[in-house]
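Biologist: I am new to this one, so could you walk me through it at an easy pace?

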Amino acid sequence: MNRIALLCQHFYPEMISTGMHMTELFTGVAKTGRPIRVYCAPPVYKDDSQQNEIVPPRMTHEGVEIVRVATWGDHRGSVAQRG
């Protein structure tokens, strides 16, 4: 069976909008036995319980292999600050 590769900015444990939807969708697909690898950025937004957690560059969550890759710049703040 061929592996599915997903490229997205946000994924578990970053459970805000896109991260939440992609995590729910692809962990559901993984339950069917399909191998999945997600390439995403390190989490930017953390809730209070996650502030001191270090997120590893590679991990598996509910059957989904997650690979975190570096991105350029700081994507927080206003559009002017991002440029």
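Modeller: Happy to; what follows is a short set of questions and answers on a predicted model.

Biologist: Which element supplies the largest share of the largest nonpolar core?
Modeller: Let's start with the members: this core has 10 residues, namely Leu6, Cys8, Phe11, Phe26, Ala30, Ile36, Val38, Cys40, Val64 and Ile66. At least two of them come from each of α1 (17-30), β2 (36-40) and β4 (64-68). The largest share is three residues, and the element that supplies it is β2.

Biologist: Which residues does Ile66 contact, leaving aside its neighbours within four places in sequence?
Modeller: Ile66 is one of the residues of that core. With those neighbours left aside, the contacts of Ile66 are Phe11, Tyr12, Val38, Cys40, Pro57, Arg58, Met59 and His61.

Biologist: Is His10 buried or exposed?
Modeller: A good one to check, as His10 sits in the loop between β1 (4-7) and α1. Beyond four places in sequence, it touches Thr18, Gly19, Met22 and Tyr45. Buried means under 20% relative accessible area. The value for His10 is 17%, so His10 counts as buried.

Biologist: What is the distance of the polar contact between the side chains of His10 and Glu14?
Modeller: Here we stay with the loop residue His10, between β1 and α1. Its side chain and that of Glu14 are joined by a polar contact of 2.7 Å.

Biologist: How many salt bridges does the structure hold?
Modeller: We can go through them by partner. Glu65 pairs with Arg3, where the closest N and O atoms are 3.4 Å apart. Glu65 also pairs with Arg37 at 3.0 Å, and with Arg58 at 2.9 Å. The number of salt bridges in the structure is three.

Biologist: How many residues apart in sequence are the parts that Glu65 and Arg3 tie together?
Modeller: The two form a salt bridge. Glu65 belongs to strand β4 while Arg3 is in the segment before β1, so their pairing ties together parts whose separation in sequence is 62 residues.

Biologist: And which strands do Arg37 and Glu65 lie in?
Modeller: This salt bridge also links distant parts of the chain, 28 residues apart. Arg37 and Glu65 lie, in that order, in strands β2 and β4.

Biologist: Is Arg58 buried or exposed?
Modeller: Arg58 belongs to a network of salt bridges together with Arg3, Arg37 and Glu65. In that network, Arg3 is partly exposed at 44%. Exposed means over 50%. Arg58 has 51% relative accessibility, so Arg58 counts as exposed.

How values were computed
Residues are numbered from 1 along each chain as its sequence is written. This is a predicted model: local features need pLDDT of at least 70, side-chain atom pairs count only at pLDDT 80 or more; totals for chains, interfaces and linings use all residues. Side-chain values use heavy atoms; hydrogens and water are left out. A nonpolar core is a set of buried Ala, Val, Leu, Ile, Met, Phe, Trp, Tyr and Cys residues joined through side-chain atoms within 4.5 Å. Buried means under 20% relative accessible area, exposed over 50%, partly exposed in between (1.4 Å probe, protein chains only). Helices (H or I, at least four residues) and strands (E, at least two) are DSSP runs, numbered from the N terminus. Contact means heavy atoms within 4.5 Å. A polar contact is a pair of N or O atoms within 3.5 Å; within protein, one must be able to donate a hydrogen and the other to accept it, and residues adjacent in sequence count only if both atoms are side-chain atoms. A salt bridge is a side-chain nitrogen of Lys or Arg within 4 Å of a carboxyl oxygen of Asp or Glu.
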